[in-house]
Amino acid sequence: MGLWIAATVGAFFVKGLCGFANTLVFTSILGFGSDNINISPVELVLGFPTNLILVWKERKNLRPGVFVPLTALVLGGSVVGAFFLKNADAQALKAGFGFMVVFMGIEMLFREYGRGKMKESRVVLGIIGLAAGVLSGLFGVGALLAAYVSRVTDNSREFKANFGAVFIVENLFRMVVYGALGIITGSTLRQSVMLMPFMLIGLIVGMKSSQVLDEKLVKRLVIVLLILSGGVMIVKNL
């Protein structure tokens with residue numbers, strides 16, 4: 001239980017600080033001793049209220065043109081991902097995803113020293129939205145979506161609001177799908193309730209830390225987390 005508590009505090013500190021990457025931290029810590037089918041539903045139940053909190057706090061920064069189409073695409077992909085989680089060996093997919101995250105993180109790092117915000121592309125939006133939905137259904141991982149949202153929003157507060165809005169709907173939808181497939185169980189809910197206080201501690205400390213850190217530093221931290229998390233997934237699954 002000690003490892004689950006440490007994973008919860010660490011993951012949701014990162015969530016409060018950056019607005020995402022909680023799943024990657026949580027899964028990376030616990031993945032050495034537990035299967036994804038046991039980790040993902042607990043993280044889902046813990047993560048849902050954190051998205052509500054962050055979106056409410058940053059509600060003035062919501063942009064429907066960003067989060068509405070992405071939400072629809074992510075929901076479509078989540079169904080496919082949830083069935084894979086229940087029935088398939090996803091090791092190769094996770095390794096491939098790790099390579100993709102590292103590549104996108106490096107590209108984002110170079111973009112930080114370039115022209116800045118990208119022009120929104122419907123083609124890129126569609127590809128990333130569907131891929132992110134599949135990966136969210138499998139592992140609850142939103143790093144691929146974060147890579148896109150960070151490129152079409154102006155600051156970290158706008159990023160947190162729009163990214164969180166997508167995942168409020170996605171989390172609700174995935175809880176229904178997981179429940180129907182028997183992935184969320186009574187044991188899952190009991191364990192999640194026990195970890196809730198530690199989730200709140202990590203989230204609050206992370207949110208307070210984000211208020212005193214330089215915004216550009218926080219964004220670059222997000223990029224570094226993307227690259228590191230992708231590397232971890234590659235090493236674990238090759």
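Biologist: Which residues of helix 2 are buried in this model?

Modeller: The model is a predicted one, and within helix 2 the buried residues are N22, T23, L24, V25, F26, T27, S28 and L30. To read such a list, set it against the length of the element: helix 2 covers residues 22–30, and eight of its nine residues are buried, so the helix is largely enclosed by the rest of the structure.

Biologist: Where does helix 2 meet helix 3, and at what angle do the two pack?

Modeller: The axes of helix 2 and helix 3 are 10 Å apart and the packing angle is about 145°, while the crossing is right-handed. On the side of helix 2 the contact is made by N22, T23, F26, T27 and L30, and on the side of helix 3 by N36, I39, V42, E43 and L46.

Biologist: What is the overall make-up of the protein chain, in helices and strands?

Modeller: There are 10 helices and zero strands in the protein chain, so that its pattern, read along the sequence, is α-α-α-α-α-α-α-α-α-α. Of the 238 residues, 51% are buried. Among the contacts with a separation of 6 or more, 85% are between residues 24 or more positions apart. The protein chain exposes about 10,700 Å², of which carbon and sulfur atoms supply 69%.

Biologist: What span should helix 9 have, and how far apart are its end C-alpha atoms?

Modeller: The idea is to multiply a rise per residue by the length and then to compare the result with the model. Helix 9 runs through residues 186–212, and at 1.5 Å a residue its 27 residues should span 39 Å, which agrees with the 40 Å between its end C-alpha atoms. The end-to-end distance should be read together with the local bend: a kink of about 45° lies at L195, shortly before the proline P197.

Biologist: Which helices do the buried residues of helix 9 pack against?

Modeller: Those buried residues, among them T188, Q191, S192, L195 and M199, pack against helix 1 (2–18), helix 3 (36–57) and helix 8 (156–181). For helix 3 and helix 9, the axes come within 9 Å and cross at roughly 35°, in a right-handed crossing. The residues that meet there include P41, V42, V45 and L46 from helix 3, and T188, L189, Q191, S192 and L195 from helix 9.

Biologist: How far is Q191 from M1 in space, and which residues does Q191 touch?

Modeller: A separation along the chain and a separation in space are best read side by side. Q191, which is found in helix 9, is 190 residues away from M1 along the chain, yet their C-alpha atoms are separated by 9.5 Å. If residues up to four places away in sequence are not counted, Q191 touches W4 and V42.

Biologist: Is V169 buried, partly exposed or exposed, and what is it in contact with?

Modeller: V169 has its place in helix 8, and its relative accessible area is 35%. Because buried means under 20% and exposed means over 50%, V169 is classed as partly exposed. Once its neighbours within four places in sequence are left aside, V169 is in contact with T71 and L75. With L75 the sequence separation is 94 residues, whereas the C-alpha to C-alpha distance is 8.1 Å.

Notes
Residues numbered from 1 in each chain as written. Predicted model: local features only at pLDDT ≥ 70, side-chain atom pairs only at ≥ 80, totals over all residues. Heavy atoms only, no water. Helix = DSSP H or I, 4+ residues; strand = E, 2+ residues; numbered from the N terminus. Buried < 20%, exposed > 50% of the residue type's maximum accessible area, 1.4 Å probe, protein only. Contact = heavy atoms within 4.5 Å. Areas by Shrake-Rupley, 256 points an atom, 1.4 Å probe, with all protein chains shown as cover. Expected span 1.5 Å × (residues − 1). Bend = angle between axes of the 7 residues up to and from the residue. Axes fitted to C-alpha atoms, helices over the stretch in contact; angles between N-to-C directions. Left-handed = near helix turned anticlockwise from the far one by under 90°.
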